[in-house]
Amino acid sequence: MDPLLLARWQFGVTTAYHYIFVPLTIGLALIVAIMQSIHFRTKNDMYDRMARFWGKLFVINFALGVVTGIVQEFQFGMNWSEYSRFVGDIFGIPLAIEALMAFFLESTFLGIWLFGRDRLPRAVHLLSIWMVALGSAVSAIWILMANSWMQQPVGYTLVDGRARLSDPVAVFLNERLLVEAPHTILAALTTAGLFVLGISAWHLLRHHQREMFLRSAQIAIVIVAVTSLLTATTGHSQAQHTARTQPMKLAAMEALWDSEQPASFSLFASIDQADGKSTREIKLPYLLSVLAYNNTTSEVEGIHQLEAADVAKYGPGDYVPPVAVVYWSFRAMVGLGMLFILLALVGLLLWWRGRLERRWFLRAAMVALFLPYLANFAGWITTEMGRQPWVVQGLLRTSSAVSPNVGATEVAITLAGFTLIYGVLAVLDFYLLYRFARPVTAPSQGDQDTGLGDVFAY
Amino acid sequence: MDIQTIWYALIAVLFIGYFVLEGFDFGVGMLMPLVAKDDTERRIVINTVGPFWDANEVWIITAGGAMFAAFPDWYATLFSGFYLALFLILVALILRAVGFEFRGKLDGLRWRRTADTAIVVGSTLPAFLWGVALTNLVRGVPIGADMQFQGNLLTLLSPFALLGGVVSIAVFALHGALFLNLRADEAVAARARRLASLLWWPTAAVLVAFFLFSYGQTDLFDRSGLVPGTLPVLAMIAFVASAVLVRLRWDAWAFATTALTIALATVVAFEGLYPTVMPSSLDPAYALTVYNASSSPLTLHVMLVVAIVFVPIVLAYQAYSYWVFRRRVTRRDIPGA
């Protein structure tokens, strides 16, 4: 096997797996902080029980986010040493700041929050969960800054074949970051909102602790309604930004083989990458020009034209990302996003008419719990696969980034090892979440929902 | 002092923080089955490090990030070179974290035993491998003119490096025992204290052996002659003092002395290397230094500003967390016990 291919699989597997836990951590920290704040103000015990219930699930999820995160940081140096040498001068900055500014904050205050409930003034305990929420949001911004630089390298000069920092402010305020960070963080909030909504719906279907879970569902519906709409609008901005800065990615997202003016939007395409064309296509006229440039006249460049330009600029080579993967991932993400908006709007309508506990809605909400995970994967696959063959757009190819001294056997061992361990942990994590999330009505176990120490302490 | 040297010192500080702090939670994890007689006591032991271990681990994440930013070639050569060793460390840290976090969340003896194994193995293996890694770092590994590591996992497992791994297991175990003496319920603390006295002699023996070995294996001590200089002597004094202080029941001071031993030993390693960061065993000219492995001065200056602002803040709230949880963990703190 080719070590490059194995290293790419390893990055894909470990990153996708890590990203199961990240969005829920970001979103649920905020939701728990909000619930605990309401309890702080109202002294209504229901909100205390609520914050504890969701807090338990937060902690289970957080644990795996942390341990899989360390792998991410080590992996750059282990499998991608040439990448690390090339980008270290710039990419290392946000990575180091993320650890210093965010990871310390998250982990220290999570410890204080978990173990300090009976030991601290209420205000300090409340502050500690807000610090956890702040830390996870701040960490998102720094790591997205690092990713943004891979999509749109700015503030650098090339010296001795490496990127060297020339303008730190340009890196910190990368315009790509300004579209990517809001979209990603809002999607994380939607993920957490749907998580809370789905589990609340489960309890409501079983008539378990109705008051508390009805209120949880209402909080979640508001969060999903607001954030799913904003995820869509920021996603639209990001796509328009991609049209200008990564036209090949946009063309692949649309399977637009040849330039069109005005460009039509593809609803379905049967993609043939080898022949460079699509068969059996359904297209909506003008719509791609509208989506990409907000008008009905602009030209959108096609894959063949962009490839010719890339060959002229960078020399002979294959500059086309895997079109079918990018095309369908993008559609999966957008389609699911639309579904979340619909679900939230239906939820608001039902709530307004006092019928939130309609069983069909609650069942739909339970299913919807799992969908944002797919949408998140699809979004990352779109943006990362859409950038191929580059790891840093226009500057460094993925094939030149891999560690030259790490053999296929070594990568195969670690890939197999991580996959195995991650698989076992996935089962364990799912079982734990199930166990702590499920509606328990038996009186002997009823205390589990409120019993704090047994769950929070080790 | 130039900016590269400042960053080298800052990374040394991060490693000191990591070894001193995670060192005791590694030790606590290793010793758990030896000092705890029943499940409640095991939970007491785990809860002594409960609020801390995760934040302690962030020190190595920050050290890794800082190496990436300040010395990309050091980060790239070290991490791709020590590939399988780092993989094993990652696996161990994952198992340990899952053991800590999920142990109390499921019932059943078999699950608890599995989690305990994860904690013990997950604490011992990284302690060993960090010792191996640091010893190799100091001694030098085969690095070519292209800055690439040319060995494999076996290259790293020389007798000297293995001894380094044993030393770090022993020192961290002692450090952990003294932490338990400070923060665990009295019955557990008493056992930890006895264990510390018991561990002290073998720890002293491997330390002396390692010390003598390093005369032959590194130039660390050649530079300063037979008398190894102030810092190593201070480290030895601190280590000897720990045995005395624990007998006098000056518990906090005993813990502080092993912390000092670990900190000084890390300083000695980093100081001995400087200005090299990774010596090459093939040709001294191939070594990575703070100058040929570093980022641009602009990057280093930007990072320095960030570090000056945030390191004190981090230290302040971490100190606060240690202050909040300064009391002993007793049986009453364990729910259902």
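Here are some numbered notes on this predicted model, taken from the whole chain down to single residues.

1. Let's start with the overall make-up of chain A. Chain A contains 16 helices and six strands. Its radius of gyration is 23 Å, close to the 23 Å that the globule rule gives for 458 residues, so chain A is as compact as a globular protein of that length. If you would like a feel for the dimensions, the C-alpha atoms of chain A fill a box of roughly 70 × 50 × 40 Å along the principal axes.

2. Next, the packing of chain A. Of its 458 residues, 52% are buried. Among contacts in chain A with a separation of 6 or more, 75% are between residues 24 or more positions apart.

3. The domain assignment splits chain A into domain 1 (3–246 + 321–444) and domain 2 (247–320). From one C-alpha centre to the other, domain 1 and domain 2 of chain A lie 30 Å apart. Where they meet, 16 residues of domain 1 of chain A are in contact with 16 residues of domain 2 of chain A. On the domain 1 side, helix 7 (210–245) and helix 11 (323–352) of chain A each supply at least two residues. Helix 11 of chain A has the largest share of that side, with five residues. Sorted by class, the domain 1 side has ten nonpolar, five polar and one charged residues.

4. Two hairpins in chain A are worth a visit. In one of them, strand 1 (residues 156–159) and strand 2 (residues 162–165) of chain A run antiparallel and are joined by four bridges. To check the register, look at A:Leu158, whose bridge partner in strand 2 of chain A is A:Ala163, and at A:Thr157, whose bridge partner in that strand is A:Arg164. Two residues lie between strand 1 and strand 2 of chain A, and A:Asp160 in the turn has a positive phi of about 50 degrees.

5. The other hairpin is made of strand 3 (residues 265–272) and strand 4 (residues 277–284) of chain A, which run antiparallel with six bridges between them. A:Asp272 has A:Lys277 of strand 4 of chain A as its bridge partner. Four residues lie between strand 3 and strand 4 of chain A, and in this hairpin A:Gly276 takes a positive phi near 70 degrees.

6. Is A:Ile185 buried or exposed? A:Ile185 belongs to helix 6 (residues 175–205) of chain A. It has 23 C-beta neighbours inside 10 Å; the cut-off for a buried residue is 20 or more, so A:Ile185 counts as buried. Beyond its neighbours within four places in sequence, A:Ile185 is in contact with A:Ile26, A:Ala137 and A:Ala140. A:Thr231 is 46 residues away from A:Ile185 in sequence, and their C-alpha atoms are 8.5 Å apart in space.

7. Now for the contact between the two chains. Chain B puts in 58 residues and chain A puts in 55 residues. On the chain B side, helix 2 (39–49), helix 3 (53–70), helix 4 (72–81), helix 5 (83–102) and helix 12 (297–324) of chain B each supply at least two residues. Which helix of chain B gives the most to that side? Helix 5 of chain B does, with 13 residues. By class, the side of chain B that touches chain A has 37 nonpolar, 15 polar and six charged residues.

8. Helix 6 (residues 109–139) of chain B makes a nice geometry check. At 1.5 Å a residue, its 31 residues should span 45 Å, and its end C-alpha atoms are 45 Å apart, which agrees. Just after helix 6 of chain B comes B:Gly140, which takes a positive phi of about 105 degrees.

9. One more residue in chain B is worth a look. B:Ala170 sits in helix 8 (residues 159–183) of chain B. This residue is buried, with 22 other C-beta atoms within 10 Å. Apart from neighbours within four places in sequence, B:Ala170 is in contact with B:Leu199, B:Pro202, B:Thr203 and B:Val206. By contrast, B:Tyr8 is 162 residues away from B:Ala170 along the chain, and the C-alpha atoms of these two residues are separated by 27 Å.

Technical notes: Residues numbered from 1 in each chain as written. Chains lettered and ligands numbered in written order. Predicted model: local features only at pLDDT ≥ 70, side-chain atom pairs only at ≥ 80, totals over all residues. Rg over C-alpha atoms; globule rule 2.2 N^0.38 Å. Buried ≥ 20, exposed ≤ 12 C-beta atoms within 10 Å, placed from the backbone. Contact = placed C-beta atoms within 7 Å. Pairing = 2+ DSSP bridges. Nonpolar A, V, L, I, M, F, W, Y, C, P; charged D, E, K, R; others polar. Domains from an automatic or database assignment. Expected span 1.5 Å × (residues − 1).
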